[in-house]
Amino acid sequence: IVAITGTNGKTTTSRLIGRILEANDLRVGMTSTDGIYVQGRQIDDGDCSGPKSARNVLMHPDVDAAVFETARGGVLREGLGFDMCDVAVVTNIGVGDHLGLNYITTVHELAVIKRVIVENVAPNGTAVLNAADPIVARMANHCPGRVIFFARDKANPVLATHRAQGERVIYAERDALICQEGRKKRRIPFAQIPLTRNGSIGFQVENAMAAIGTGWALDLPWETIEAALAGFVSDAATAPGRFNVFDYRGATLIADYGHNPDAIQALVQAVETMPAVRRSVVISGAGDRRDEDITQQTEILGEAFDDVILYQDACQRGRADGEVIALLRAGLARASRTKQVDAIDGEFIAIDTALARLQPGDLCLILIDQVEEALGHIAKRIAEG
């Protein structure tokens, strides 16, 4: 049993871990915000990141290994769907998400909930933790088993201390990931991890580290782990809405489900590594987030994109008509780069508006809301050429 939680990166990391376990000839059951999958076949859809979905997988006769994306909502409602896990993965906490809901108002309160999977690691199990996130790093004190720390920066103090103690760590060098335990090192070149685009997409590097740490914690053969990484591409089929890259009439399109300030910041850093004549972004905001969380997203985007198209999505989540758009617009008030801002009613119309403006060499980031439908719409437009 592997449990994964965090603010961002959970679904991609879950799918990557699932692929590593499959490469080891295990029959994998997986729950995520996209549904329940058994041996690669979807048996339920919708948000299945709670304990009820986990129990469905555990009772399935065709499952040897279970990978559970563990969301805060399910933990608050009814705890975990298992007693103990072999590996607990925490990708990041950052500034948090969903704050203000269910009486969880601070990032430290959120961390107490997310930490539950670490507290329920089996005594012979392992927590795989992001050393670069101080709140996540402190969860190590609550783990009954071993800890593997990962961070891109080899000099990270938490990671460096762990490494000096001879414990397992994963970090990045210029062109590879290094897995070190004592004096032993395993080097995995970025060129063999397509997900990272040669190490240029920082958050995908961290997702890969978390998945590698899981395989290592389970003592799977390195050849198996590396083969799974080499074969994993984050496209609309394998990881829908998770940094899916397309070519459209000589322009680059990126579709992503990022919807909190940390995700937006990570996407901006990724996009800035990709050449573009002009950059545009299509964005909405979830109405059940705090005002400042919605506004902060466009504050970040205003520094990185020339053209911003705001749209009102299908799910206002308790907000009045136009309220989310107004908050997003407020975030662009002091934008240093954005010159053009449009507000459009409807996700697909907003996507079409952005596509119509693209010239060869441009880049467009589309922050989608209805994942499957929006990806289908984008695929249709690309097919039309």
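1. In this predicted model, the second largest pocket has a lining of 14 residues, and R15, M30, Y37, G40 and T238 are those that lie nearest its centre. Two elements, α1 (10-23) and β2 (28-32), give two or more residues to this lining. The largest share, 4 residues, comes from α1.

2. The volume of the second largest pocket is about 240 Å³. By class, its lining residues comprise 6 nonpolar, 4 polar and 4 charged.

3. Enclosed space should be considered separately from this pocket. A search of the whole structure identifies 3 cavities of 30 Å³ or more. The largest cavity has a volume of about 50 Å³, and the second largest cavity one of about 40 Å³.

4. The largest cavity is lined by S49, G50, P51, A54, F68, E69, T70, G79, L80, G81 and F82. The elements that supply two or more residues to this lining are α2 (51-58) and β5 (65-69). Its composition is 5 nonpolar, 5 polar and 1 charged residues.

5. Around the second largest cavity, the lining residues are T5, T70, A71, R72, V75, I113, K114, V116 and I117. Here three helices, α3 (72-78), α4 (107-114) and α5 (116-119), each give two or more residues. The lining divides into 5 nonpolar, 2 polar and 2 charged residues. T70 appears in the linings of both the largest cavity and the second largest cavity.

6. The next points concern a sheet. An open sheet is formed by 6 strands in the order β12-β13-β17-β14-β15-β16, with mixed pairing. Its edges are β12 (244-248) and β16 (340-345), each of which pairs on one side only. On average, and ignoring direction, neighbouring strands of this sheet are turned by 15° against each other.

7. At the β12 edge, 5 bridges join β12 to β13 (residues 251-256), and the two strands run antiparallel. One residue pair may be singled out: A251 in β13 is the bridge partner of Y248.

8. Two helices should be viewed together with this sheet. Helix α13 (residues 347-357) lies across β12, β13, β14 (279-283), β15 (307-312), β16 and β17 (363-367), and its direction is at about 165° to β15. Helix α14 (residues 371-384) also packs on the sheet, where it touches β12, β13 and β17. The direction of α14 makes about 25° with that of β12. The strands β12, β13 and β17 are thus touched by α14 and are among those that α13 lies across.

Methods:
Residues numbered from 1 in each chain as written. Predicted model: local features only at pLDDT ≥ 70, side-chain atom pairs only at ≥ 80, totals over all residues. Heavy atoms only, no water. Pairing = 2+ DSSP bridges. Axes fitted to C-alpha atoms, helices over the stretch in contact; angles between N-to-C directions. Contact = heavy atoms within 4.5 Å. 1 Å grid on protein atoms, 1.4 Å probe; cavity = no way out; pocket = protein on both sides within 12 Å on 5 of 7 lines; lining within 4 Å. Points joined across faces, edges and corners; volume = space filled by probe spheres on them. Nonpolar A, V, L, I, M, F, W, Y, C, P; charged D, E, K, R; others polar.
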